Amino acid sequence: YMIKIILLFLTPFCFLNANYEIEDKKNIFTIKIKDKDFKTLYAKLKDEINFESFVIVQELDLAKATQSVSEALQKKPILKKGINILICKSSFALQMQEEDIENIVFCPLGISIYENQNKEVFISYRKYVSLKKENKIAHKINEILKNLILKSLT
């Protein structure tokens, strides 16, 4: 009984270091993180992806790619840092295909982590939409990606 009281009291303090805002729009889910450094958040996100048995298929450094273009065009760069992480889990890909073979187009799944010039860090994913009305896997994909991101912030 005493342990339950202690846990009930301490649980709110576990989330004190999570200083972020959630923006859950129709087509995109984004978390804006304050007072955290990009490298740490990036490492924690990759750790969570691996912990949940996803394989990182590719990482695209879009900040680096767009910075060179903006310099060539004499424009101000938008991103300070920005990486798209493409992930896959074979067992989950099988679930997608079992529902509908056309769901193969969802693979690999993508999460973006980026920092703007104001040193604000964001983690987001584009929401997946069912290809057919009766399909349910897109909703599951969105929940999995959201949970990966949220768990990486704890």
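Begin by selecting N142, which lies in helix α5. In this predicted model, N142 has a relative accessibility of 11% and therefore counts as buried, the cut-off being under 20%. With residues up to four places away in sequence left aside, N142 touches Y125, R126, K127 and Y128.

**The whole chain**

Now widen the view to the protein as a whole, whose secondary structure comes to five helices and six strands. Followed from the N terminus, the elements run α-β-β-α-β-α-β-α-β-β-α. Of the 154 residues in the protein, 32% are buried. Where contacts join residues at least 6 apart in sequence, 66% of them link residues that are at least 24 apart.

**The sheet**

Colour the strands next, and read across the open sheet that the six of them form, in the order β1-β2-β6-β5-β4-β3, with antiparallel pairing. At the edges are β1 (20-24) and β3 (55-61), each of which pairs on one side only. From one strand to the next, the twist averages 15 degrees.

To walk through the sheet, start from the edge strand β3, which pairs with β4 in the antiparallel sense over six bridges. Two positions can be selected here: D61 stands opposite I83 in β4, and E59 has I85 as its bridge partner in β4. Moving on, β4 and β5 run antiparallel and are joined by eight bridges; in this pair, select L79, which stands opposite N116 in β5.

The next step leads from β5 to β6, an antiparallel pair held over four bridges, in which Y114 has F122 as its bridge partner in β6. These two strands form a hairpin with four residues between them, and in the turn K119 has a positive phi of about 65 degrees. Keep β6 selected, since this strand is mostly covered, with five of its six residues buried. On to β2, which pairs with β6 in the antiparallel sense over six bridges; here I31 stands opposite I123 in β6.

**Helices on the sheet**

Which strands does α2 lie across? Show α2 together with the sheet, and the helix is found across β2, β3, β4, β5 and β6, running at about 5 degrees to β4. Helix α5 also packs on the sheet, where it touches β1, β2, β4, β5 and β6, and its direction makes about 165 degrees with that of β6.

**Helix α4 and its partner**

Select α4 (residues 90-99), in which F92, A93 and M96 are buried. These three cover an arc of only 105 degrees around the axis, which is why they are on the same side of α4. Turn the view to the face directed away from that buried side, and the exposed residues S90 and E98 are found there. The buried residues of α4 pack against β5 (109-116) and α5 (137-152).

With α5 added to the selection, the axes of α4 and α5 come within 10 Å and cross at roughly 160 degrees, so that α4 is roughly antiparallel to α5. To see the residues that meet between the two helices, display F92, Q95, M96 and E99 in α4, along with I137, K140, I141 and I144 in α5.

**The nonpolar core**

The last stop is the largest nonpolar core, which has 29 residues, and among these I87, L109, I111, I113, I141 and L145 touch the most other members. At least two residues of this core are supplied by each of β2 (28-33), α2 (38-51), β4 (79-88), α4, β5, β6 (121-126) and α5. Which element gives the largest share of this core? That share, six residues, comes from α5.

Finish by selecting I113 and displaying its surroundings. Residues up to four places away in sequence again being left out, I113 touches F38, L41, Y42, L45, G82, I83, I85, V121, F122 and I123. Several of these have already appeared on the walk through the sheet: I83 as the residue opposite D61, I85 as the bridge partner of E59, F122 as that of Y114, and I123 as the residue opposite I31.

Definitions and conventions:
Residues numbered from 1 in each chain as written. Predicted model: local features only at pLDDT ≥ 70, side-chain atom pairs only at ≥ 80, totals over all residues. Heavy atoms only, no water. Buried < 20%, exposed > 50% of the residue type's maximum accessible area, 1.4 Å probe, protein only. Arc of directions from axis to C-beta. Contact = heavy atoms within 4.5 Å. Core = buried A, V, L, I, M, F, W, Y, C linked by side-chain atoms within 4.5 Å. Pairing = 2+ DSSP bridges. Axes fitted to C-alpha atoms, helices over the stretch in contact; angles between N-to-C directions. Parallel < 35°, antiparallel > 145°, perpendicular 65-115°, else oblique.
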